[in-house]
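The report below is written for someone meeting this structure for the first time. It goes from buried residues to ring pairs, then to a pocket and to charged contacts.

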Amino acid sequence: MYLHPDLAIYATDRFVLACIALFLEAVIGRMSWLFRIIPHPFAILRSSAAFLGRRLNRSRRGPRALIVRGAIVTGFLCCVTGSVGWMISSWGETYPAGWVVDLMFLVFFVSQRGSYSDASRTVRAQSKNGLVAGRKALAGYHKGRIDALDEHGIYRSLTEHLAAEMGRWLIGPMFWYLVGGLPALLVYATIVAAVDALAADDESRAGFGWTASRLEFMAGWLPGRIAGVFVVLASLLAPTARPIRAARIMVCMARSSPSPAHGWPAAAMAGALSLEIAGPNSTEGRELPWIGEGSARATVRDAHRALLLFGYVCVMNIVFILGGAIGRILWL
């Protein structure tokens, strides 16, 4: 693709690319049809981590040996993907259309419409076809026991899922791409994939998956807080939401979750909607403390309010990045 040199300066700016990627993802979603033909990059990363985990994770080894082996696997994968990202970025700087590769990876890893569609599909299935259909729709993203969820548990889980997606797959990828470009984006995705494959429960997080879970904590520390603040700001616009309670619960209870990318937006969402979420059957697939001070009996109305808050957060994210892009263009 040929671009006029003056336009190429703007097309290669990270803020501009981030805006384009967010708009594209909002239109086309996850492109499930494409990933039925080829594997998703995240699936490749997770499969690679799982393969190395099966080779090196031996329960007969002592705790320290498992931590060291897990650190080797996680560090190796991060070095590989970071190097690949750096090589692709270096190659892209020599070609007028090299920015398209960055754009492609951003669209692959960010999730707005995809997360919204998952939750919305669950609400429709539960409302129209009952508990069995709701559980089936929820099974695509709930890592805990599906059969233990009643109607309230389904709505509670999709609310928690939307909150976690804000930090992990909306703010997280954008933040790290803007900070460090494609290498940082790929390393971030690798860390999340390693946690998914190597740190599935509390026992593995204390052993083989310890390094991956620590890196996830550090990588999500600031994006999670940004996502929580966005939820509080969005609750100012959403009818019946409670922004003051959202801010208070976020500050007081965000640390209940070991992952900032999950805890901060989840606490803000729980406060804004006057709900309790997470708990023993968390959507994260492990037991977590209850987050919030409201009712755990979430209803379909609460689910729609959570979807509205998520939509407002997506719009705010685009507005903030668009403001950065305009500022960069004026500066250039």
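A residue is called buried when its relative accessible area is under 20%, exposed when that value is over 50%, and partly exposed in between. The model discussed here is a predicted one. By this cut-off Phe42, with a relative accessible area of 13%, is buried.

**Aromatic pairs**

Across the whole structure, a search finds 9 aromatic pairs. One of them joins Phe42 and Trp169 in an edge-to-face arrangement, with 5.2 Å from centre to centre and 85 degrees between the planes. This pair connects distant parts of the chain, since Phe42 belongs to helix α4 (residues 41–56) and Trp169 to helix α9 (residues 151–198), and the two are 127 residues apart. Trp169 is itself buried, because its relative accessible area is 12%.

Trp169 also takes part in a pair with Tyr188, where the ring centres are 6.2 Å apart and the planes stand at 75 degrees, so this pair too is edge-to-face. Tyr188 has a relative accessible area of 5% and therefore counts as buried. Ring pairs link Phe42, Trp169 and Tyr188 with Phe35, Phe105, Phe108 and Phe109 into a cluster.

**Helix α6**

How many of the 11 residues of helix α6 (residues 99–109) are buried? The count is 9, which means that the helix is largely enclosed by the rest of the structure. The buried residues of α6 are Trp99, Val101, Asp102, Leu103, Phe105, Leu106, Val107, Phe108 and Phe109. Among them, Phe105, Phe108 and Phe109 appear in the cluster of linked rings described above.

**The largest pocket**

Rolling a probe the size of a water molecule over the atoms shows where empty space is left. In this model, the largest pocket holds about 1100 Å³ of space. It is lined by 40 residues, of which Arg30, Phe42, Arg46, Glu165 and Trp169 are the closest to its centre. The elements that each give two or more residues to this lining are α3 (32–35), α4, α6, α7 (113–129) and α9. Of the elements, α9 gives the most, with 8 residues. Sorted by class, the lining of the largest pocket consists of 17 nonpolar, 10 polar and 13 charged residues.

Phe42 and Trp169, which pair edge-to-face, are thus both among the residues closest to the centre of this pocket.

**Salt bridges**

The whole structure contains 9 salt bridges according to the search. Three of them are set side by side here, each with the distance between nitrogen and oxygen.

| Salt bridge | N to O distance |
|---|---|
| Arg46 and Asp196 | 3.0 Å |
| Asp118 and Arg121 | 3.2 Å |
| Arg248 and Glu293 | 3.1 Å |

The salt bridge between Arg46 and Asp196 links distant parts of the chain, with Arg46 in helix α4 and Asp196 in helix α9, 150 residues apart. Arg46 has a relative accessibility of 35% and so counts as partly exposed, and Asp196, at 26%, likewise counts as partly exposed. Arg46 is also one of the residues closest to the centre of the largest pocket.

Asp118 and Arg121 lie 3 residues apart in helix α7, so about one helical turn separates them. Is Asp118 buried or exposed? At 12% relative accessibility Asp118 counts as buried, whereas Arg121, at 41%, counts as partly exposed. These two residues are linked with Arg30 in a network of salt bridges, and Arg30 is among the residues closest to the centre of the largest pocket.

The side chains of Arg248 and Glu293 meet in the remaining salt bridge of the table. This pair also connects distant parts of the chain, because Arg248 sits in helix α12 (residues 243–253) and Glu293 in the loop between β2 (290–291) and α14 (300–331), 45 residues apart. Arg248 has a relative accessibility of 36% and is therefore partly exposed, and Glu293, with a relative accessible area of 48%, is partly exposed as well.

**Charges over rings**

Two further contacts bring arginine and aromatic rings together. The charged end of Arg225 sits over the ring of Trp221, at 3.9 Å from its centre, while Arg214 lies over the face of Phe217, at 5.0 Å from the ring centre.

Terms used:
Residues are numbered from 1 along each chain as its sequence is written. This is a predicted model: local features need pLDDT of at least 70, side-chain atom pairs count only at pLDDT 80 or more; totals for chains, interfaces and linings use all residues. Side-chain values use heavy atoms; hydrogens and water are left out. Buried means under 20% relative accessible area, exposed over 50%, partly exposed in between (1.4 Å probe, protein chains only). Helices (H or I, at least four residues) and strands (E, at least two) are DSSP runs, numbered from the N terminus. Rings of Phe, Tyr and Trp (its six-membered ring) pair if their centres lie within 6.5 Å; planes under 30 degrees apart count as stacked, over 60 as edge-to-face and the rest as tilted. A charge sits over a ring if NZ of Lys or CZ of Arg is within 6 Å of the ring centre and within 35 degrees of the ring normal. On a 1 Å grid over the protein atoms alone, a cavity is a set of points where a 1.4 Å probe fits but cannot get out, and a pocket is an open set with protein on both sides within 12 Å along at least five of seven lines; lining residues have an atom within 4 Å of a point. Grid points are joined across faces, edges and corners, and a volume is the space filled by probe spheres set on the points. Ala, Val, Leu, Ile, Met, Phe, Trp, Tyr, Cys and Pro count as nonpolar, Asp, Glu, Lys and Arg as charged, and the others, Gly among them, as polar. A salt bridge is a side-chain nitrogen of Lys or Arg within 4 Å of a carboxyl oxygen of Asp or Glu.
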